Amino acid sequence: MDTLLDVRGIHKSFPGVHALKGVGFSVQEGEVHALVGENGAGKSTLIKILSGVHAPDEGELRFMGEHISWHAPREAQNAGIAVIHQELSLAPHLSVAENIFLGHEPTRGPFLQRKAMRAEAKRILESLHTSIDVERQVATLTTGEQQLVEIAKSLARDVRVLAMDEPTSSLSTGETEVLFRLIEDLRDHGVGVIYISHRLEEVFRVADTVSILRDGAFVGGGPLREFDRKRIVRLMVGRNVDTIFPREAPPPGPVALKVSGLSREGALHDVSFQVRTGEILGLSGLVGSGRSETARCLFGLDPFQEGRISVQGRQVAIRKPADALHHGLVLIPEDRKRQGLFLNRAVDTNITLLQLIERRFGGFFINRSAQRQEAEQLADRLNVRYADLSQEISSLSGGNQQKVVIAKGLSVTPTILILDEPTRGIDIGAKAEIHELMNRLTHRGMAIIMISSELPEILGMSDRIVVMRQGTVAGEFAGEETAGESVMWVAAGGETNAGD
């Protein structure tokens with residue numbers, strides 16, 4: 001196989017951070033090369049250099065045997081290097097065809113050839129085994145369909161190297177399988193694929209080779225058959241991680257939250273469960289089962305027509321988030337970037353946002369010193385890695401952003417914490433830290449409701465599991481006694497006793 005991309009001794013520094021320290025690896029024709037490492041290891045910086053967003057301080061890039069030095073992302077795209085980021089770069093109000101050819105639309109003289117554009121877009125999508133209508137507005141597509149459109153954009157430019165950053169983080173199981181088949185097709189056609197994921201089971205499913213980064217440096221790599229999961233994790237974090245799910249449950253206390261007959265038109269029907277102090281209740285179910293909708297109702301984001309919520313044995317009325325905060329409930333939302341953070345604001349402002357709402361720092365006049373002190377204490381408590389509290393939150397890695405969202409929730413000392421996908425899209429080290437934090441919080445008497453699409457996380461961290469299906473509770477299991485097959489059986493439509 002010919003070498004498509006050769007990365008040699010790349011260094012890159014930003015103020016206060018040496019992001020890449022002499023990194024090197026290569027991608028062969030028809031190869032899927034996994035790039036793994038903790039958040040902050042340098043993966044995203046490296047991809048931005050490959051795609052022309054950043055220029056390296058030192059080192060060399062060679063593409064198809066020639067030295068390259070991009071000055072803009074368009075140069076990399078035109079050469080045949082494409083990147084699909086976690087945050088898709090589609091224009092939501094344009095059609096599928098217009099997005100696929102955005103920036104290089106087929107023309108005849110000054111006139112746009114719309115018919116030809118639609119026909120070619122349809123051909124490309126059919127090669128991806130999808131029948132998405134090319135005239136549909138992108139905003140109406142599912143996340144999985146939008147990801148296929150992103151890939152179609154790359155194929156429209158005759159891509160030779162395609163980098164995918166956490167491509168399955170928002171996909172259903174079915175959409176993930178479609179993506180894996182597509183990757184196999186790309187490999188068969190000689191495309192080099194760089195696959196970035198924290199889900200090592202996916203890496204072993206699709207990759208041929210692996211490169212492992214830690215703290216901006218290359219620490220190991222080679223044919224994937226020479227590695228097992230434990231070895232990769234040890235190289236990623238620089239230590240042995242014996243267990244990612246270190247649940248150490250305290251004796252459960254009294255009922256902290258009781259939900260009875262919760263119903264919301266078109267979303268939830270007669271949802272009932274309870275969680276005790278010191279307990280982690282796992283909410284499991286397939287995408288669209290009603291897990292997140294339940295959390296939004298409990299936190300006052302969505303109204304519900306029927307049902308009762310009781311906190312510490314007393315029925316409460318929660319009509320807006322301020323009511324939930326008043327009664328000690330905090331929600332850590334599923335999408336940290338859209339729902340949990342102000343990306344253009346400082347780290348300390350994000351951490352103390354809920355406290356600012358409660359006017360804890362001097363009423364109408366903010367005591368900045370007290371605010372920064374509180375933010376620093378919470379950041380240290382959660383081991384958030386940052387250069388300065390005043391830096392924009394967008395400059396932090398995904399794992400550290402997630403820790404900031406959790407720190408914000410803990411800043412108002414809740415008694416009931418709802419975590420919606422708390423470890424989605426973060427590395428193994430950060431995941432283990434968040435799980436250990438959950439242990440500590442429950443030992444201090446907090447009740448936790450954890451929503452997760454990762455079955456090992458649900459099984460490993462939950463004391464009890466409530467399975468939801470089509471907006472209602474379909475079954476309940478004791479966490480440590482539960483087999484994954486039982487949970488999935490009920491989530492997929494089987495009867496509770498049929499999977500035993």
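## An exposed loop residue with positive phi

At 62% relative accessibility, Thr-413 counts as exposed in this predicted model, because the threshold for that class is over 50%. Thr-413 belongs to the loop that runs between helix α15 (398–410) and strand β19 (416–420), and its phi is near 45 degrees, a positive value in a residue other than glycine. Most residues other than glycine have a negative phi.

A second residue can be described in similar terms. Gln-470 sits in the loop between β21 (464–469) and β22 (472–478), its phi is near 50 degrees, again a positive value in a residue other than glycine, and with a relative accessibility of 73% Gln-470 also counts as exposed.

## Overall dimensions and composition

The protein chain contains 18 helices and 22 strands, and its C-alpha trace spans about 70 × 50 × 50 Å along the principal axes. For 500 residues a compact globule would be expected to have a radius of gyration near 23 Å, and the 24 Å found for the protein chain agrees with that expectation.

Of the 500 residues, 52% count as buried, while the protein chain exposes about 22500 Å², of which carbon and sulfur atoms supply 47%. Among contacts with a separation of 6 or more, 66% are accounted for by residues 24 or more positions apart. The chain carries 56 positive and 65 negative charges, and the mean positions of these two sets are 4 Å apart.

## Nonpolar cores

In soluble globular proteins, nonpolar side chains tend to be buried together. Here the largest nonpolar core has 70 residues, of which Leu-257, Leu-298, Leu-329 and Leu-417 touch the most other members. Leaving aside residues up to four places away in sequence, the contacts of Leu-257 include Leu-298 and Leu-329, together with Phe-273, Val-275, Ile-309, Val-311, Ile-416 and Ile-449, and they also include Gln-274 and Ser-310. A second, separate core is made up of 48 residues, including Leu-148, Val-149, Val-193 and Ile-212.

## A buried alanine in helix α2

Ala-76 is placed in helix α2, which covers residues 73–79. With a relative accessible area of 0%, Ala-76 is buried, since that class takes in values under 20%.

When residues up to four places away in sequence are not counted, Ala-76 touches Leu-50, Ser-51, Gly-52, Trp-70 and Ile-81. Leu-50 is 26 residues away from Ala-76 along the chain, and the C-alpha atoms of these two residues are separated by 7.6 Å.

Note on methods: Residues are numbered from 1 along each chain as its sequence is written. This is a predicted model: local features need pLDDT of at least 70, side-chain atom pairs count only at pLDDT 80 or more; totals for chains, interfaces and linings use all residues. Side-chain values use heavy atoms; hydrogens and water are left out. Helices (H or I, at least four residues) and strands (E, at least two) are DSSP runs, numbered from the N terminus. The radius of gyration is taken over C-alpha atoms; the globule rule is 2.2 Å times the number of residues to the power 0.38. Buried means under 20% relative accessible area, exposed over 50%, partly exposed in between (1.4 Å probe, protein chains only). Contact means heavy atoms within 4.5 Å. Accessible areas come from the Shrake-Rupley method with a 1.4 Å probe; for residues, only the protein chains shown count as cover. Lys and Arg count as positive and Asp and Glu as negative; His and the chain ends are not counted. The place of a charge is taken as NZ of Lys, CZ of Arg, CG of Asp or CD of Glu. A nonpolar core is a set of buried Ala, Val, Leu, Ile, Met, Phe, Trp, Tyr and Cys residues joined through side-chain atoms within 4.5 Å.
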